[in-house]
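Visitor: I've got a protein on the screen and plenty of labels I'd like explained. Could you walk me through them?

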Amino acid sequence: MNETMTPPPLDENVISRLRNIFGDDRLLTNCTDMMTYSYDASFETQLRPKLPQVAVIALSTEEVSECVRLANEFKIPLYPRGAATGQTGGAVPVKGGIMMDLSKMNRILEIDHRNMQVVIEPGVIQNDLNEALKPYGLRFPPDPGSANMCTVGGMVSNNSSGLRAVKYGVTRHYVLGMEVVLPTGDIIVTGGAKSKALKSVSGYDLAHLMIGSEGTLGIVTRLRLKLLPLPVTRGIVLCSFERLEGAGEAVNAVFSSGLQPSAIEIMDFNCTKAVNMMKPELNLPLDNDAILVFEVDGAKEEVTSQVNRLRTVVEKYTNYIKFSDEPEECEKLWQARKLVGAAVGLLKPGGFRVYGGEDICVPISRLPETLREIHNIAERYGIICGIYGHVGDGNMHTGPVVNMNNEIEMENVQKMIDDIHELAIKMEGTTTAEHGVGIVRAKYMDVEHGPAMEVMRAIKRTLDPNNILNPGKMALPN
């Protein structure tokens, strides 16, 4: 299945100039290193890895700028990369060229706790940042499932979010400014060159143009992020539903009651089965269509009140409920949702969990019918599939499980992924709510965005006329 093609080496003059910028230790050219940089976490790159011609490891904005100028001069594709935890092929070199590894630019430069902000380099790991902020009673709220591994620069590139987006929003809500190297090699600072303000309406919002652009418009080398106080405590309500419709009705009832949970997560019956296989002591009910996990946060008294109100609201829809505002018990109840991403692979002996069609988002009102239709699609192709996700904002993750050695299953799961993406658009939703477009979802962009895609392409051509930054992504100019 691994279809690779080794690209020809770069011109020796280019290699020599790269060596002058990065030295021998941070200029990589051997085949093993190129294979290392040919993957991310996507199913697509498991099947068809993409090799760069050379890789460089950057340590400073100045090095990034020099390398970009060189790439622009010779019209060589250049691909920025963080931890490569992405699931869309967004950080792989589809046209050869230079892979720029930013993971060593990982310093926390300033924790300005008095002004509720932090300045960091893009290679900082999300959880490492929050560990450093804990002594100040602060946090950077976006919380993707890969928080132990993913870089904040990658989160900005994809506008990532996570479990608690229903209350705290996505990455773009916390970016106050950034230093960016443009495709020409020029360096700009967005949000005010010397600003430490928490908001501004001065000039074009260039930061938000860069956020979610997946490295196609510029390379982020420094970030100024807004912080929030850590919640004092959390509470959990876990409940089970005979019908998917009941879960949807419960979510609507909670919102209508005036409650604002910090997270609302759903797991279907396959996910419940998988979690019980991985951790039997959780003993989740197996005879229902779905489980919901609600989380609330705040002061202790407020959390206790919210847990009791939540229980009262949802108990008329559920036949099984557990709840707590005690930290240790909350962690036990929350374990089921935390385990599910890894557990779904257990649904099939020798199974491989496919990351594809894994990030659609639909209107909350259409969640039950979307969940049912995904199961219908999976059944049509003979694929076992678990579904879970952030039901509070309509974002769901599908987990097809296949045997990688079964050619029919491998063909069918790719057809299934297509059908899931098309279903999302049909349901008035989107093909991606967290993970980005990359190469995996590029073919749906014109259908999803219509004439707006031409505006995006015009912006790309204006900022990057030689199309050197992350080409071949997001259905932008090739």
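**Reading the labels**

Guide: Let's start with Arg164: apart from neighbours within four places in sequence, Arg164 is in contact with Asp143, Gly169, Arg234, Ser262, Ala263, Glu295 and Trp334. Keep in mind that this is a predicted model.

Visitor: What makes those residues contacts of Arg164?

Guide: The cut-off is heavy atoms within 4.5 Å. Each partner, Glu295 and Trp334 among them, is in contact with Arg164 by that rule. The C-alpha atoms of Arg164 and Glu295 are separated by 8.8 Å, and the two residues sit 131 residues apart along the chain.

Visitor: Where does Arg164 sit, and why is Arg164 called buried?

Guide: Arg164 is in the loop between helix H6 (152-158) and helix H7 (165-168). Its relative accessible area is 13%. Buried means under 20%, so Arg164 counts as buried.

Visitor: How do you know that Asp446 and Arg457 form a salt bridge?

Guide: Their side chains meet at 2.8 Å, N to O. The limit is 4 Å, so the pair qualifies as a salt bridge. Asp446 lies in helix H15 (residues 445-449) and Arg457 in helix H16 (residues 452-463), so this pair ties together parts that are 11 residues apart in sequence.

Visitor: Which of the two is buried and which is partly exposed?

Guide: Arg457 has a relative accessible area of 12%, under the 20% cut-off, so Arg457 is buried. Asp446 comes to 38%. That value falls between 20% and 50%, so Asp446 is partly exposed.

Visitor: What makes Lys279 and Glu281 a salt bridge?

Guide: Their closest N and O atoms are 3.2 Å apart, and the rule asks for a distance within 4 Å, so the label fits. As for cover, Lys279 at 24% relative accessibility lands in the partly exposed range, whereas Glu281 at 56% is over the 50% mark and therefore exposed.

Visitor: And why does the Glu245 and Arg243 pair get that name?

Guide: Here the closest N and O atoms are 3.7 Å apart, which is within 4 Å, so this pair is a salt bridge as well. Glu245 is partly exposed at 26%, and Arg243 is partly exposed at 42%; both values sit between the 20% and 50% cut-offs.

Visitor: How many salt bridges does the structure hold?

Guide: The structure holds 31 salt bridges. Side chains of opposite charge can pair when their charged atoms come close. In charge terms, the protein has 48 positive and 59 negative side chains, and the centres of the two sets lie 3 Å apart.

Visitor: What makes this protein as compact as a globular protein of its length?

Guide: Start with the make-up of the fold: 16 helices and 19 strands. The radius of gyration is 23 Å, close to the 23 Å that the globule rule gives for 478 residues, so the protein is as compact as a globular protein of that length. The C-alpha atoms fill a box of roughly 70 × 60 × 40 Å along the principal axes.

Visitor: How many of the residues are buried, as a percentage?

Guide: Buried residues make up 56% of the 478. Among contacts with a separation of 6 or more, 72% come from residues 24 or more positions apart. On the outside, the protein exposes about 20000 Å², with carbon and sulfur atoms supplying 51% of that.

Visitor: What is noted about phi in Asn467 and Met474?

Guide: Most residues other than glycine have a negative phi. Asn467 has a phi near 50°, a positive value in a residue other than glycine. Met474 also has a positive phi, about 60°, and is not a glycine.

Visitor: Where are Asn467 and Met474, and are they buried or exposed?

Guide: Asn467 lies in the segment after H16, and so does Met474. Asn467 has a relative accessible area of 14%, under 20%, so Asn467 is buried. Met474 comes to 9%, which puts Met474 under the cut-off too, so the label is again buried.

Conventions. Residues numbered from 1 in each chain as written. Predicted model: local features only at pLDDT ≥ 70, side-chain atom pairs only at ≥ 80, totals over all residues. Heavy atoms only, no water. Buried < 20%, exposed > 50% of the residue type's maximum accessible area, 1.4 Å probe, protein only. Helix = DSSP H or I, 4+ residues; strand = E, 2+ residues; numbered from the N terminus. Rg over C-alpha atoms; globule rule 2.2 N^0.38 Å. Areas by Shrake-Rupley, 256 points an atom, 1.4 Å probe, with all protein chains shown as cover. Lys, Arg positive; Asp, Glu negative; His and termini not counted. Charge placed at Lys NZ, Arg CZ, Asp CG, Glu CD.
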